[in-house]
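Let's take a friendly walk through this protein chain, from its overall make-up to a few individual residues and surface patches. Please keep the model in view as you read.

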Amino acid sequence: MAGLSARLLPGPAYGLILLLGAALVLPLAGLAVLEALAPATRWVSEPVHAVVEGIDGFIAVSLAGLLLLRMRLEPGQQRHPWLWVACGLLTTGLFDAFHAAAPPGQNFVWLHSLAAFSGGLLFSLVLLPPRIARIPALRHLPEGLFAGALTHAAWLLLHPQGAPVMFQTGEFTLPALRLNQAGGVLFWVAALWFALRHARQPTWDDLLFGLLAGMLGTAGLMFEASTLWGVNWWWWHLIRVAAFAMAFVYISATFYRGQIRIQHLNTRLDETNQRLEERLAELATENTERREAERALRESEHRHRLLYNKTPAMLHTLDREGRVVEVSNFWLDRMGFARPEVVGRPIGDFLTPGSRERMAQELDRFFRAGSLRDLELAFVRQDGTVIDALVSAAAEYGDAGDIRRSVMVVTDVTDRKAREAEVEHLSYFDALTHLPNRRLLAERANQAMAQARREGDGCAVIYLDLDRFKDINDTLGHDTGDRLLLAVARRLQGCLREADTLARLGGDEFVFLLPGTDPEAAARVAGRIQLALRDPVEVDGQGFLVTASMGLASFPEHGEDLSELLKHADIAMFQAKSRGLEHLHFRPEQREAVQERVHLEAELRRALADQALAVHFQPQVCLATGRVRGLETLVRWEHPERGAISPGVFIPLAEETGLIHQLGQQVLEAALAQIRQWADAGHEVPRVAVNLSARELQGPEVTARIAETLALYELPGHLLELEVTETAAMTDPASNLHTLDALRQLGVAVAIDDFGTGYSSFSYLERLPVDTLKIDRSFVASIDETAEDHGIIQTILALTRELDLGCVAEGVETSGQAAVLRQVGCLMAQGFWYAPALPAAEIERRFLAGPASRAGNAGSR
């Protein structure tokens, strides 16, 4: 649009200051001055009011007409946002005119409120993005809103009683106030939108129409604070008149300047025509310039072709028939074709059949619409391999404005699609073994059970858990454990029928889904599985004898869904493992065993809370002298109803449930308290051993806890020995090495319990900060009967001498075992042959009360 002189146009910051000052600050300041000078003045003059509102309406309608005329006369003028502004002015002006003609009453206030609100609404719709305003359904929305407002206003003149209550007991009602406030806010929304446009690209149009909208918005907001015929009421009328007049003067000035400019342009056009005629006479001799232009065009085409071929992207150009017109070198390299093999051929020759049909459809749409983005296609290379690609295209237009060609960019997404396929695979298959996971197992189980319901057939699941797999993981590392799991999974897959499914639930747990299988057939499958695992599984050149425990459950006898079947098969597996069986079918009474275990856990928690567990002590005897040289602390649980509960029952339960930390601390405190009591009584107390479980060894602050307990009972560390199983010591060796070394720093002795049953190596054992090895009772049991156990114990004793360690043989129950141990050079032993675990008082009476602190067969039976 034509504007005033660019030299006078304020910049973005000054424009915003001018808009806020003139449209908000000055009107409010003027109102404050008027209310201070004449706060209670009321001037009732309906004629003057009618003239003011009539002027408002006339100027607003005239201004709208000038805007519409300017839009028609200036082809470059945008329809948006000026059509909204023109319709807003028309609506406001016509409502004001009708308002001026209406007598005071409800209709009188209602028409003015409609003028403020409808005008603000139409003004604020300039915020609609142009692409939305161009939607066919919205294209004539401004005219439609104006027509609706005009119809309503005309109807009100004919039916004044149709207006709502807008004025009551001398005050404007809430609808009147809110409509004017809303109109004011909407005008200010439009004002700020024009201000933002002015900030991006300063123009007089945006500045002055923003000022107009702001002044109208301020007048609408002042309505709430005004009283009918009061000075504040007349003041916002005056602001509206001033705003319309300002805009009208500006538009009129632009028309005037436009006429002057047209005259100036006509003069210049005449001069230009004269010069053009002179120039045309000279063009006949300017062939040199034309040839130069042709050469420049050829150079431009050459640069385009060079850029096209050297760009590291797959590019090809198609004509309207879909034939390849041009292709980049990168496209040829990636696809493996020579240029003559490609140019002139249909692009469909290089696509898979499905992509060929899709490309034909999209090409037809492209040459109509000129847009194509991220079309998924599969290209076939010369060697037959397929490239997954996304294709986007840009249009190349001819002189007539039609699309001549499409320039397409091909993005190779083969690797990305492969990664997506891998992610999809991992959502259904185990990452380590690539067996189905729980999700895929559930889907197949649902299908199998649905088929079983339809056909009245059976279905079974086998829940398989490898025995002592954690020991292998802890001692040889997770990498070896993973390779063992892979080897076992391959063995198990050999037991499947085509319809069966083998899934890995995690860790060392596998599930067989056996459609169409009754309980007897499931038992036969379990037998085949045990047979498949009978031979050692070789990993990294080392053979592992793998055993498994299995629980079997059948559909629908043991559950109507997979969750129920797995729960019952898991219970049966647990029962099989606890009884040392290969497999068990689920039976309802097995639930009782699980419930019994839950009850036992609760009772163990109560026993620990009540400190109802007792500690006994078993002597460790010097084989040469028979004297007691140490005591091992053993925990006992005398249940008030069940009687004595074996440590083999409640200690594994404590380890599984995490109660082992509380249990271990109670045993440690009881042992140290007893040592303190014996020492205070003047007895010479031998070193007392306390067992430390694997979970306690790996627990946080274990060293600090033991140090604090020793300090609590004021005992030196050398009176305490901590026994750690070989398997526990081999779990996380680096961390355990640090922990055991810290315990040795306290003066505490460390013994390796159950030695010979784990997987420790000589090199690792050499680095462990330990004092004693305790030979496992399984080797002692038949030492006087088998040469094999005899040889193992001799080897262990040689190892202790090599490493300068003490040695204690566990589980000595006969004189023959004691004699053989003395013969092979074992120094210490413990077991029923010498004494069982005894209460502290009995230990004190028999072994600490005087010189007769000897143990033997006579004191043990």
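Among the contacts in the protein chain with a separation of 6 or more, 66% are between residues 24 or more positions apart; contact here means heavy atoms within 4.5 Å. This is a predicted model, where local features need pLDDT of at least 70, side-chain atom pairs count only at pLDDT 80 or more, and totals for chains, interfaces and linings use all residues. Residues are numbered from 1 along each chain as its sequence is written, and side-chain values use heavy atoms, with hydrogens and water left out.

The protein chain holds 30 helices and 23 strands. Both are DSSP runs numbered from the N terminus, helices being H or I with at least four residues and strands being E with at least two. Of the 861 residues, 46% are buried; buried stands for under 20% relative accessible area, exposed for over 50%, and partly exposed for values in between (1.4 Å probe, protein chains only). The chain exposes about 43000 Å², and carbon and sulfur atoms supply 56% of that area. Accessible areas come from the Shrake-Rupley method with a 1.4 Å probe, and for residues only the protein chains shown count as cover.

Three residues make handy stops along the way.

| Residue | Location | Relative accessibility |
|---|---|---|
| V185 | helix 7 (residues 174-200) | 46%, partly exposed |
| R404 | strand 7 (residues 403-412) | 38%, partly exposed |
| H558 | loop between strand 13 (548-555) and helix 18 (562-579) | 16%, buried |

Take R404 to begin with. Not counting residues up to four places away in sequence, R404 touches L318, D319, R320, F367, E396, Y397 and G398. One of these partners, L318, is 86 residues from R404 along the chain, and their C-alpha atoms are separated by 8.9 Å.

What does H558 contact, leaving aside its neighbours within four places in sequence? Its partners are A553, E564, L565, H568 and F586.

Now for the surface. V185 joins L127, V189 and L221 in a nonpolar patch with about 290 Å² of accessible area together. Patches are made of residues with over 30% relative accessible area and no salt bridge; like charges are joined within 9 Å, and nonpolar side chains (Val, Leu, Ile, Met, Phe, Trp, Tyr) within 5 Å. A salt bridge is a side-chain nitrogen of Lys or Arg within 4 Å of a carboxyl oxygen of Asp or Glu.

E455, D457, D518 and E520 form a negative surface patch, and E455 lies in helix 14 (residues 438-455).

Definitions and conventions:
Lys and Arg count as positive and Asp and Glu as negative; His and the chain ends are not counted. The place of a charge is taken as NZ of Lys, CZ of Arg, CG of Asp or CD of Glu.
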